[in-house]
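Reader: Got a minute to go through this one with me? I'd like to start with a single helix and work outwards.

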Amino acid sequence: MTEPIFRIRNITKSFGDHLILDDISFEIRKGEIFGIIGASGSGKTTLLNIIIGFLRPDRGDVSFRFEHLLDFQKAMTFRSVFKKQEAVKKIYGFASQMPSFYMNLTLKENLEYFGSLYNLSPDALKTNIETLLNLMDLKNYEDLAAKNLSGGMERRLDIACALIHDPAVLVLDEPTADLDPVLREHIWTLVKKINKKGTTIILASHHLTELEDICSRIAILKDKKITDVASPDSIKNKYSKIQEVHLECYPGNYKKILAKLSKKYIKNYEIRGSHLVIHSNKPQKVFHELFPILKKKKEEVIDMKVGKASLDDIFIALSKDKKDEIPKDSKKKS
Amino acid sequence: MKFLKIVKKNLKLLMRAKSSAFIVIFGPLLIILLVGLALNKPSTYELSLGYYSPDASNSLTDSFIEEVRNNNYSVVKHDSNESCIQGIKQGASHTCIIFPKNFEMGNDAANKIEFYVDYSRTNLVYQIIDSISKEFKVRTAELSRDLTQTLLTKIQETKQDVDEDILSIITMKSTIDEIITNIGETKSTSEGLDFSIGTISISAVKSAGSSIYSDAKSLKNKGMAAIDEAEDLLGSNTSMGDLAEIEDDILDIFNVTPKTYEKFQNLTENVSDEIARAKSNLKSAETKNKEIVSKLGDTQSSLDSLKADADEVKANLEGTNTNLENIGITSAESIVSPIKTEIKPIVAESNQLIFMFPFLLVLVIMFIGIMLSSALIIMEKNSKSAFRNFTTPTKDWYFVITTYVTSFIILFLQVVVILGLSYYFLKTEMFTNLALTTVIILLSMSIFVLIGMAIGYVAGTQEASTMLSIAIGSVFLLLSNLILPIETMSELIKNLTRFNPYVVSSELLKKTLLFKVVGVEIWKEVFLLAVFMTVMIIVVFLVNKLSRIRLLERSPHIQRRGYIYVPEDAYLKLENHIIKNKKDILRVLKSLDDKEFEKHVNKKKNEIADWASKILKERRLAWKLRHKDKGKMIEVIKKHLEKIAKKEEKERKKLEGD
C-alpha cells in the first residue's frame, strides 16, 4: 500500500444554513486513481474544491505532503493546503466538465499561456507541450483555435492544460460528462496513461460503471458524509445483496402491476423506457408474486430477468434512498 | 515571461474577438474620422432660416433677406407665420423670422421683427440667435448709418446757418447802436431847440417909430432952428447957401419921413402879424418837437430792448454753435457704432477641430479607456478559463497589472495613431510642450483605464459593464463643458466638475496644446490627476479583491444558492425518476403520467426547463421546453437529441477520418 499524499481531516462545510459536508475524513494515496461518487447535491465538487484548497472548509483541514521537495524532512511533512496555497497550486492540475481554456487561442497558445503561469522555463514548456499534444492526440491540431474543437478534443485539451506543469495530482471533475461512449473510452484511456506516469488522480464522475474499471478506490458521499472508501469490488460486494428484476411486458401497465405487488420485498423500483426494474433482496418472492398478477392483468411477458445491481444502480439507489433503503445482498444474473 | 505572456494573451484575445477588435482598432479611428469630417472647417454654422413677410414686396425686407442670403444662409420663404414656425419644429429651419406688415423705417412705422428659435437645441440656440442677429444687425447698422448721416448733415448745415445768423445779429446790433446814438443826438438836438421868441412889442416899435419920427421932427426942427441960428449968425455969406441946402435936405428928409414912417408903420403891422403867425408856428413846432423827442425816447428804449434781445439771440446762437461744435463726433459710423469691438482668438488657429481637439482626444481616451478595460475584465471573468487562472500559482495583482498594461498599450497605440493623423491633417504646432502633453495624456489614459477596470470588476455581466461604462462616461461628459457650459450649472455641481477627471484632463490638454502653457502654471492640476490615478489604483485593487470573492461564488463549479448547483451531478428527481442528462428528460417525460407531470410542470413552475437552464446551462433548450404540454416537450427534446446525435456522428466521422 502506498503512502498517503492528501490527508482530509474532519472537513465540515456549509453554505449559509445548508450543511454540505459533515465531518469528512479520508486519505488519498500517492499514485492511485481515487473516485468520489455521491448523489445530486451531495457536495462532491465542493469536496474536490476543498481538497485543492480552492474553498476553505468551516472546520477541518486538508494537508498535503510536498514530496517533490528536495528536503526529505520537509517532503515527508504534511502541510495544510490552505496555508500553502501557492505551493499547492503548483502540484495539482484541475480539469472539470466545463472546458477551462481560451476559445480564441489555438491549442498551442493555450498550453503556452497556462504553462507560463506556472513559471515553466521556455524549454520545459516546449517539451511539455510537445509531450501533451502527442499524449492527447492533439498534435495535428496545435494551431487550431480551441473554439473549433469537438467535444472530446475540448476535454482532452482541458486535461492537457491541467497537466501542462506536470502536476503530481490531477483532479478531474466529471471528465466524461456529455461525451459519447467512444470519446469516454478515449478519455479513460488517457487517464490511465497519465496515471501510469505516476500522477495521482482524483476524480468524480457519474459514469460509475466506468469508475468501476478505472478507480483504485472509491469514496461514497452520502448524507453529507463519506460512508465508504474502498475499492470498487469491495463496494460492490458490500452492496451486492440487492438484485434487479427486469420486466418487459405488453401492454406494460407497470403502475397497475406495482400496485398489486407486496411492498415488503421491494426496495425500490424504476420504469426505464419499456422496462420495469425492481430492486429487491428477495427476487424469487417478487417473481412468485408477479406471475399471477401478470396473468390477471393480461400482460404478455416479453422479457424477464434477474441481475446483480451495477455500481450505477447502487449509486442510483443511494441517491434515491432517504431512509437507508440501500439495496443489499444482490448477485448479478442475466 | 509570465507577465509578457499574459499581456500577449490579452492582446490576442482582444484582436481575435471580432467585435472587440473592431471596436479597439476601428472605433477611435472612426470617431476621429467622423469628428474630423464634421468639424474640419472654419467656425461658421450652416444655418437655414425661414421667414414670412405679409407684404408681397418690401424693399426693406428684401434688403434684410439679401443680407443673410449673401452670407450663405439657406433662406426659405413661408406663406404664413404658422408655416414658418412649423418649419423649426420639423427641423427644416433653425430660426423663423416674421417681418411686420408695411415694414419700413420711420418714427411711427411698424419695424419690429420677430425671431422664433428652438430653445430645446440648447447647444445651438445661442449660436443661432447670435449668428442671425449679427446679420440683421449689420443691415440695421447700415440703415442707422444712413439716417445718422442725414442727421449729421442737417446739423452741419444748421451750424453754418447759426454762424451766419450770429454775424447778422452782430451787424444788426451795431446798426441798432448807431441808430440809438443818432436818436440820442437827435433827441438832444430836438430837446435843445428853442422855440421861444421873446417879447416883441410892436407898439414899442411903433412908439420907437413915432419917437424916431418925433425925433426926426424934432431933429428937423432943431436942424432948422440950428440953420436959422446959423444963418442968423453967419448972415448971407456963402456958407449960408450950404445951410440952406442942408436945410433943404433936412426938409426933404423930413418930408420923406412921414411916408417912410407910414411904410414903417405898415411894415411893423405886417411884422406884427408875421410874428404872431411865427409864434403860433413855433408853438406848434415846439409841441411837435416834444412829441418827436418823446417818440425818439421810446424808439431809443425799444432799440435798447432790441439790442438786448439781439444780444440774447446772439448768446443763444453762440451757445447753440458751441454745442454743435462740442458734438465732436461727425462720423455716422462713430455714432452708430460708437465703440468698435474686435474679437481676437487667443490662439492663431481658426479651425473648430483644433479648438475641439483636446476635448475630443480626452473623450476618445475616456470612452475607449473605460470600455476597453472593462470589456477586457468582463471577457476574462466570463471566460471559461477564468477558473483555470485561479488554479495557477499566480497572484491576483498580476492579473490586475497585466489587464492594466494591456488596456494601456492598446489605448496608447490608438492615441498615437490619433495624434499622428491629427498632426498630419491639422498641420498645426500642437506639440511644442511635448513632455508635459505626454504626461497629461498618460495620466488621463491611466485614470480612465483604471475606472474601466473598477467597472469591470464591479459589473457581473457584459451588459452591466457596458451600461455602467456608458453611464459613468456620460456623467463625466455631462458634468463638463462639452454639452452645457459649466457656468450654467448649480454651485454644487460646478464645484464637483472641478474633480471630474474628464474636465481636468481636457482642460489641461487644452492649455498645453492650444495655449502652450508650461508645467509651472498647471502643476496643481497635473498633481490632481496624479492623485486621481493613485486613488483609482487603490479602488481597483479593493474592488478586485471583493469581486474575486464574488467570482468564486459565481463560478460554475461553486454556487451558493441554498444548495450546490453542480452541472455534473445535480440530478433532477421527479417522483421515482432521476434525470441525469438530456436523454433522461425524454425517458422520464414518456414515463410520467399526466398527474405526475402536472405536479412538476404547471402554471407556476416547469422544473424540467428550470433544471435544463440552471444545471445544464442549456438556456435555449430550457426556453423551448417551457411548455405546459407534455407532448410538445417530448417533441422538443426529441428534436434536440436528434440534432446532438447528428453532430456527434459528424464529429466521430471526422475523428475517424483524422
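Reader: Which exposed residues sit on the face of α5(A) turned away from its buried side?
Author: That face carries A:D123 and A:N134. Exposed means 12 or fewer other C-beta atoms within 10 Å of the residue's own, buried means 20 or more, and partly exposed is in between, with C-beta atoms placed from the backbone.

Reader: What kind of model is this?
Author: It is a predicted model, where local features need pLDDT of at least 70, side-chain atom pairs count only at pLDDT 80 or more, and totals for chains, interfaces and linings use all residues. Residues are numbered from 1 along each chain as its sequence is written, while chains are lettered from A and ligands numbered from 1 in the order in which they are written.

Reader: Back to α5. How many residues does it have, and what is its reach?
Author: Helix α5 of chain A covers residues 122-135, so 14 residues. Its first and last C-alpha atoms are 20 Å apart, close to the 20 Å expected at 1.5 Å a residue. The expected span is 1.5 Å times one less than the number of residues. Helices here are DSSP runs of H or I with at least four residues, strands are runs of E with at least two, and both are numbered from the N terminus.

Reader: Which residues of α5(A) are buried?
Author: A:L125, A:N128, A:I129, A:L132 and A:L133. They cover an arc of only 125° around the axis, so they lie on the same side of α5(A). That arc is taken from the directions between the helix axis and the C-beta atoms.

Reader: What covers them?
Author: The cover over the buried residues of α5(A) includes α4 (107-117) and α6 (151-163) of chain A. Just after α5(A), A:D137 has a positive phi of about 60°.

Reader: Which other residues in chain A have a positive phi without being glycine?
Author: A:E174 is one, at about 50°. A:K298 is another, at about 55°.

Reader: Where is A:E174, and is it buried or exposed?
Author: A:E174 lies in the loop between β7 (169-173) and α7 (181-196). It counts as buried because 24 other C-beta atoms lie within 10 Å.

Reader: And A:K298, buried or exposed?
Author: A:K298 is exposed, because it has 10 C-beta neighbours inside 10 Å. Its loop runs between α11 (283-296) and β14 (300-308) of chain A.

Reader: Where's the cis peptide bond?
Author: Between A:Y250 and A:P251, with omega about 5°. A:P251 is in the loop between β11 (243-250) and α10 (254-260) of chain A.

Reader: Switching topic. How many residues are in the largest nonpolar core?
Author: It has 136 residues, and A:A160 and B:I365 have the most contacts inside it. Helix α9 of chain B (residues 352-382) gives the most to this core, 20 residues. A nonpolar core is a set of buried Ala, Val, Leu, Ile, Met, Phe, Trp, Tyr and Cys residues joined through C-beta atoms within 7 Å.

Reader: What is B:I365 in contact with?
Author: Leaving aside neighbours within four places in sequence, B:I365 is in contact with B:L411, B:V415, B:S444, B:M445 and B:F448. Contact means C-beta atoms, placed from the backbone, within 7 Å. Apart from the 136-residue core lies another core of 18 residues, including B:F597 and B:I637.

Reader: How do the two chains break down in helices and strands?
Author: Chain A has 12 helices and 14 strands. Chain B has 21 helices and 6 strands. Buried residues make up 49% of the 334 in chain A, and 26% of the 658 in chain B.

Reader: What about confidence? Where is it lowest in chain A?
Author: Helix α2 (residues 72-75) of chain A is lowest, at a mean pLDDT of 58, and α4(A) is highest at 91. pLDDT is the predictor's confidence in each residue, from 0 to 100. Residues 322-334 of chain A fall below 50, yet this stretch has 39 contacts in the model beyond near neighbours in sequence. Where pLDDT is low, the predicted coordinates should not be read in detail.

Reader: And what does chain B average?
Author: Chain B averages 79, with 86% of the residues scoring at least 70. Residues 556-569 of chain B are below 50. The model scores ipTM 0.73 and pTM 0.61.

Notes:
Two residues are in contact if their C-beta atoms, placed from the backbone, lie within 7 Å.
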